[in-house]
Amino acid sequence: FNTFFYTLLKAGGIDNVKKVTGKRKKGADGEVYMDIKVDIFAMDIVLVPVNLEQSHWYLAVVYAQRKRIVILDSSPMGDGGQSCYDNVLAWLACEQMEKKSCKLDTTEWKRENPAVNSLQPDGHNCGIYTLLNAWSLCLGLQIDFQELTIKDLVDLRKNAPVPVLRS
């Protein structure tokens, strides 16, 4: 999803993000939802970038088939991702009801905050850590975050847009 998905979910609830995976129909507000039929539960992995209070980035990873939500946060703040987990799980429950007409058993779902997700050495590189986590998951890479230097992070910051611009 794009970087606004979680912000919209948190600010306006489920109704605010229904159009992301919804069927084409006119809402009560007169807005026509996008003609996208996405089955979140058939995907291996769903990446949800999270912008916390406009000051911190981390990644929520949904493994629907395994019933897990993993919070990858390089600088844990606040509730350690519990509110993100709750919001994403509520969205998944709504998706299940709307797409499959059955209730999601949320008690079967687990939240993980793995220790392998290294802490960043400063207070301003959370975005790069979020990108690295996303890239490593999508490309099947093993990144040793312990080996990253401040110079590496500065270089990554400068060069992160290159793959996007080339595609």
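In strand 2, which residue is the bridge partner of P49? In this predicted model, the bridge partner of P49 is L59, while N51 is matched in strand 2 with W57. Both pairs belong to a hairpin formed by strand 1 and strand 2, with three residues between the strands. Strand 2 covers residues 56-63, runs antiparallel to strand 1 and is joined to strand 1 by seven bridges. In the turn, E53 has a positive phi of about 50°.

The hairpin is part of an open sheet of four strands, ordered 1-2-3-4 and with mixed pairing. Strand 1 and strand 4 (110-112) form the edges, each pairing on one side only. From one strand to the next, the twist averages 20°.

Although strand 1 is an edge strand, seven of the seven residues in this strand (residues 46-52) are buried, so strand 1 is largely enclosed by the rest of the structure. In a regular strand, side chains alternate between the two faces of the sheet. Here, V46, V48, V50 and L52 point one way, L47, P49 and N51 point the other way, and all are buried. Helix 4 (residues 126-139) lies across strand 1, strand 2 and strand 3 (68-72), and runs at about 20° to strand 2.

Turning to the helices, helix 1 (residues 5-12) packs with helix 3 (residues 82-100) at an angle of about 85°, the axes being 10 Å apart. The two helices are therefore roughly perpendicular to each other. Helix 1 contributes F5, Y6, L9 and K10 to the contact, and helix 3 contributes S83, C84, N87, V88 and W91. Of these contact residues, six are nonpolar, two polar and one charged.

Terms used. Residues numbered from 1 in each chain as written. Predicted model: local features only at pLDDT ≥ 70, side-chain atom pairs only at ≥ 80, totals over all residues. Heavy atoms only, no water. Buried < 20%, exposed > 50% of the residue type's maximum accessible area, 1.4 Å probe, protein only. Pairing = 2+ DSSP bridges. Axes fitted to C-alpha atoms, helices over the stretch in contact; angles between N-to-C directions. Parallel < 35°, antiparallel > 145°, perpendicular 65-115°, else oblique. Contact = heavy atoms within 4.5 Å. Nonpolar A, V, L, I, M, F, W, Y, C, P; charged D, E, K, R; others polar.
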